[in-house]
Amino acid sequence: MSKVVGSKKATQFTESVIREMTRLNQLHGGVNLSQGFPDFPAPAVVKEAACAAIRADVNQYAVTWGARPLREAVASEFTRRYRVPVSADEQVTVCCGATEAMMATMLAIIDPGDEVIIFEPFYENYGPDAILSGATPRFVTLREPSWTFDPDELAAAFSNRTKAIILNTPNNPTGKVFSRDELETIAALCRRWDVVAISDEIYEHLVYDGHAHVPIATIDGMADRTVTINSLSKTYSVTGWRVGWTISPPALTGAIRKVHDFLTVGAAAPLQEAGVAALGVPQSYYTELAEAYRGRRDRLLEILERHRFVCYRPFGAYYIMTDIGAFGFADDVTFARYLVQDVGVAAVPGSSFYSSPAAGRTKLRFCFCKRDETFAEADRRLAKLTRAGAAAR
Ligand SMILES: Cc1ncc(COP(=O)(O)O)c(C=O)c1O
């Protein structure tokens, strides 16, 4: 057999369904409510800082684990907000987005065969991340409508083989914000089984209706066993900049930095400078951001419910998970294809968030990081779906 073939690893996962939907959407000229990127501008102060850095010739490699001013901004912002001391020198590593931060962390701490607990539905990258790092995933289900987990099921997933648990709060795709009680339950198991928590908190500032984001690193005994992952992407509407970071216990930082160095050397130097300006915006920015997103959530909820989608109201992040069972399609992928090709609205098939596609067969995820005009256009197009439904009845 020819050796000019991909590796076994690379055959174990498919291309990203989310990014495929964006491509399909471009092909059909649809309204893209699939991939989670804003269609409105980033804050002027952040863009100005990036332009200024390029004009000042910040063009060469930054220190591989991140330019000092950005690492210091990340450390002091986390400490100020959550009262957990963080050392820029010993704990912060700047990566190319949360995507690389997660991959570098997993490659740095997981040996082939180690078990990693993942709540499902999960952000689709965690599947390939587990395969590439050699982890054996153990899935624990979050059950709709409120996406709670069964503490006994979670406890049963832990064993001596468990190396890490991946947490994502506020959560993509469900919009769940893990409560302090739930995090205490997870933390107790991590302490009991000596497990690392890898916590993706990229939607930290997008919480609604009085819910509060609690980083698991703030729970007793967790700061020295938690890798917190975050990025500029969502908070400052710059998903294409690819600047993220890890905050790790000093015992893990060396391994993460080594892996990161050989994966990418470093994130874009001028955009790291702009990251300092981003992290320096006043609190009012975050309050207004969350309020604007709450308005977008309510707008999309109203549209989707009017077009007969069953919606699970999100309390965080910028996605709405829906149930499409009533539309009577064979499965979520068939429905998503129909929606983008015939109706002109792109969304993500639910199966891409589950280890077993059957679990997401009647689900579809929409994102609401969009302008009002975009929602109005989606609304107009979805009328076709409603009419088709009425004709079929
Ligand atoms: C939960 C979660 N983590 C990470 C990412 C990717 O983040 P970044 O753009 O910083 O790589 C996303 C993007 O949608 C996400 O939803």
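**Close-up views of a predicted model**

**View 1. The loop between β7 and β8 is shown with two residues of positive phi.** Ser-237 lies in the loop between β7 (226–231) and β8 (244–247), where the strands (E, at least two residues) and the helices of later views (H or I, at least four residues) are DSSP runs numbered from the N terminus. This is a predicted model, in which local features need pLDDT of at least 70 and side-chain atom pairs count only at pLDDT 80 or more, while totals for chains, interfaces and linings use all residues. Residues are numbered from 1 along each chain as its sequence is written, and side-chain values use heavy atoms, with hydrogens and water left out. Most residues other than glycine have a negative phi, and most peptide bonds are trans. Ser-237, although not a glycine, has a positive phi of about 55 degrees, and Arg-242, found in the loop between β7 and β8, has a positive phi of about 65 degrees. Ser-237 counts as buried at 12% relative accessibility, whereas Arg-242 counts as partly exposed at 31%; buried means under 20% relative accessible area, exposed over 50%, and partly exposed in between, with a 1.4 Å probe and protein chains only.

**View 2. Seven strands form an open sheet of mixed pairing.** The strands follow the order β2-β8-β7-β6-β5-β3-β4, and two strands are said to pair if DSSP finds at least two bridges between them. The edge strands, β2 (92–95) and β4 (136–141), each pair on one side only. From one strand to the next, the twist averages 20 degrees. β5 and β6 pair in the parallel sense over five bridges, and Leu-167 stands opposite Ser-199 in β6.

**View 3. Helix α9 (residues 180–193) packs on the sheet.** The 14 residues of α9 reach 20 Å from the first C-alpha to the last, close to the 20 Å expected at 1.5 Å a residue, the expected span being 1.5 Å times one less than the number of residues. The buried residues of α9 are Glu-182, Leu-183, Ile-186, Ala-187, Leu-189 and Cys-190. They cover an arc of only 160 degrees around the axis, which puts them on the same side of α9; the arc is that of the directions from the helix axis to the C-beta atoms. The face turned away from this buried side carries the exposed residues Asp-181 and Arg-192. The buried residues of α9 pack against β3 (115–120), α8 (151–157), β5 (162–168) and β6 (196–200), where contact means heavy atoms within 4.5 Å.

**View 4. Helix α10 (residues 250–264) has its buried residues along one face.** In α10, Leu-252, Thr-253, Ile-256, Arg-257 and His-260 are buried. Seen down the axis of α10, these buried residues fall within an arc of 135 degrees, so they line one face of the helix. On the other side of α10, Ala-251, Lys-258 and Phe-262 are exposed. Val-265, which follows α10, has a positive phi near 65 degrees.

**View 5. Two cis peptide bonds precede prolines in loops.** The peptide bond from Glu-144 to Pro-145 is cis, with omega near 10 degrees, and Pro-145 lies in the loop between β4 and α8. A cis peptide bond also joins Thr-169 and Pro-170, with omega of about -15 degrees, and Pro-170 is found in the loop between β5 and α9.

Methods
Axes are lines fitted to C-alpha atoms, for helices over the stretch in contact, and angles run from 0 to 180 degrees between N-to-C directions.
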